[in-house]
Amino acid sequence: MVLKQKQIYCHPDLCIGCRICANACALAREGEANPRLGRINIRQNLFERYEYQELCRHCDDPPCLDACMVGCIEKDAYTGIVTNDDSCVGCWMCVMVCPYGSMRRDLIKQMAVKCDQCKDREGPVCVDVCPTGALVFKEREDTPEDPFFTGPAVT
Amino acid sequence: MEEKRPLCVNAIVNLTERTVELTETPEEIIRQFVGGRGLNMYYLYKYLKPQADPLSPDNVLILGTGILTGTLSPNSGRHNVTCKSPESGIIGDANIGGFLGPEMRFAGFDRLIILGKADKPVYLYLENGKIEIRDASDYWGLLCSETEAKFKYDLGSDIEVQSIGPAGENLVRFACTRYGVKNAAGRTGTGAVWGSKNLKAVVARGTCGLPIENPQAMIEKYIELRDYLKESKVINVLGRVGTPLLYDVSNYLGAIRTHNSQQTVFFDTLNAEEVHKHVDKMLGCYGCVVHCRHRNTLGGEGPEYTTEVLLGANIGVADTGKMIDLNNIVNDLGLDVSSTGTYIAWAIELFEKGYLTEETSGRILRFGDYNMSRQLIYDIAYRRGLGDTLAEGSRLVEKFGPETADFLIAIKGLPQSDPHDVRYLKGFALGIATSSRGADHLRSRPTLEILDLPPSFTTQIYGEAVDPNPTSYQSKSRVVYFSETIYAVVDCMGICKFICHGFNSPRNLNYDHFRELTRLATGLEFSKEDLHSIGRRVIDQERLINYQEKGITRKDDTLPARYFNDPMPSARAKGSYISHEGFNKMLDEYYELCGWDKDGKLLPGRIDELNRLRDIKEHKREG
């Protein structure tokens, strides 16, 4: 049985680029104000006029998982959440392959950090602090309620 | 085990000798001045040689973050840029939002104290507790936007840049420093001081982070305060249309500075709904819950209410698109909007009155001429022809004759930033007259005056019933005294004034909130009384520097002659003017509240206290 997966979505139109999400994430996870360690990041360019939210999609087939050479990234079969652990060696392969730019580097510990949807907390902190409601945490609409194949196909 | 990061790390950068020295501010001093504007003033007093020429290497340039800058406090993206002003000759101080302040702290520095002068263009690069003085010859001459874009191209997109534009390089006395497209440390000509030190930019990449005393409680506090602030009506409106919402109100009252304050009513074309047709999106600075910054469709950001009036009504440009165009140009050149608009309007009136002629100025100056104004703005920034003359700012009074000062809307040598004609609201008038950096509304504007609040309510806010009639001279000194103190504290905190109690709503963050936020972020305990006395100490420190540098006393706490002599011509405010008698009475009361003598000087006891604090030695730090 697969749980209906939840995901952090973003409305880019509502994002004002205040980066409080990144800082709150770092504060919740690392205990210090340091947006670079936020698992979410707002890439803003005031001259090219965009705010892009680098946040983990917890892909069905995560490229970071495939690329990780020590196997420290895994996808929970039940919740669908992709996590890494501290056996990371800092090779940054996952950073390179992530199509959404959502793997972050902790340069002091030499380890990749990634979003785990604050699974030990009641809802992701970035969603809680977002002042405009640009970030929302809701069920994925594209996961099927009942898996189409229930077992090995028999003809 | 790593040692705990001190509360305030200062880097003393000597550009002449190319040395960097780190010091820690002792806790004793932090308890007296907190940070931001307060500590900047303390260090200005400590390092500035009396009577130094503002554009010489002797001037001291300070970039200082507030004690809450970069923490999870709402709207905590601000820092102060402080020096001796080349425009007014007294303190120069400007508060700027954006992301550089937090990034400086994340890079390991709370304050930069820049001394001397580099022999060629340089920029400062801050990363991981280290400062490099790097060559900036590739960036010299570029516009603000080009400078920042080139830095991001050369050094990576995750840096933050504050820079000067051509105006600062050419030592225009009212040049500003800029972060991003529009955020500016605008007033008092700080950009010219950067230019005089050959400092093009400060670039920061913050990888160190900032320790927070109580992270979980801080997150909860942020959420609580955000929800509290978002209930405020005025914050909601500011988030939707920004400051232009005030234009309509002032215009209805008949208090828009129009044609160099010769008139007070202007066209509806600059109303918020018209401006909003040119807006793509609203943006926020670091940690912002208000988001009042417009991204406009003409390629820039803004306009603010100030810009609308000073580059619109004041010089007679009624077309919304053209006004926004002027706004974008001024921003990119790195000029202070308030001063630029005031000087252009003044020059036009000088032309009307015959002090300037077509031969001396090389053109015909008249109100409403967009092309002329546009050209003149470029000429000022690049110091060409008449622009070269105007770039000297309020010092031109000496050139054109003392009587021309009567129609320059400036106090203590600094043009008025508030687009509101203060002849109607007496509290506003006292505020700009006594403000420590010249005619400026961000020091003490008691905005609530406009709301006709009942005495029961004003007692709650100000601790004393205040006459609800905005045109009365009664008890207005109390309002100004209260406002300037809390604004000084909010500047020390590094928080935006838009969420400060009393600036535009009586229910925003007050001393109690600041106390709690400082406790959660740093562990320092302040009482409400402590914070109040810190605000007073900062204002007294500024007063002392002003007295030392230019002998600022009662004679300088005055208003432009036009506000005393000419009654307002139209609408509801028609006939209002400031009476000398009423004004002097307000001033007497105000000095008494401040604990100054009748001439507006500090008492000797206070001067001794400030001198004693100045002489306290600092710990050096290994860099």
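1. Start with the hairpin in chain B of this predicted model. Strands β7 (residues 122–127) and β8 (residues 130–135) of chain B run antiparallel and are joined by 6 bridges. Between β7(B) and β8(B) lie 2 residues. B:Asn128 sits in that turn, with a positive phi of about 50 degrees. B:Glu127 has B:Lys130 as its bridge partner in β8(B).

2. β7(B) has a second pairing to check. Strand β12 (residues 199–205) of chain B pairs with β7(B) in the parallel sense, over 6 bridges. B:Glu127 appears here too: its bridge partner in β12(B) is B:Arg205. So B:Glu127 is bridged to B:Lys130 in β8(B) and to B:Arg205 in β12(B). As background, strands of a sheet pair through backbone hydrogen bonds, either parallel or antiparallel.

3. Next, the open sheet of chain B. Seven strands make it up, in the order β5-β4-β3-β6-β1-β2-β18, and the pairing is mixed. β5 (91–96) and β18 (619–621) of chain B are the edge strands, each pairing on one side only. From one strand to the next, the twist averages 20 degrees.

4. One pair within that sheet deserves a look. Strand β1 (residues 9–14) of chain B is antiparallel to strand β2 (residues 19–24) of chain B, and 6 bridges join them. B:Ile12 faces its opposite number, B:Glu21, in β2(B). When viewing side chains, recall that in a regular strand they alternate between the two faces of the sheet.

5. Now the interface. On the chain B side, 29 residues are in contact with 23 residues of chain A. Four elements of chain B each supply at least two residues to that side: α4 (144–155), β13 (210–211), α7 (215–230) and β14 (279–283). Which element gives the largest share? It is α7(B), with 6 residues.

6. What is the make-up of this side by class? The side of chain B that touches chain A has 18 nonpolar residues, 9 polar and 2 charged.

7. Strand pairing also crosses between the chains. Strand β2 (residues 32–33) of chain A pairs with β13(B) in the antiparallel sense, over 2 bridges. A:Glu32 has B:Pro211 as its bridge partner in β13(B). β13(B) is also among the elements that supply at least two residues to the side touching chain A. Do not confuse the strands called β2: residues 32–33 belong to β2 of chain A, whereas β2 of chain B covers residues 19–24.

Note on methods: Residues numbered from 1 in each chain as written. Chains lettered and ligands numbered in written order. Predicted model: local features only at pLDDT ≥ 70, side-chain atom pairs only at ≥ 80, totals over all residues. Contact = placed C-beta atoms within 7 Å. Nonpolar A, V, L, I, M, F, W, Y, C, P; charged D, E, K, R; others polar. Pairing = 2+ DSSP bridges. Axes fitted to C-alpha atoms, helices over the stretch in contact; angles between N-to-C directions.
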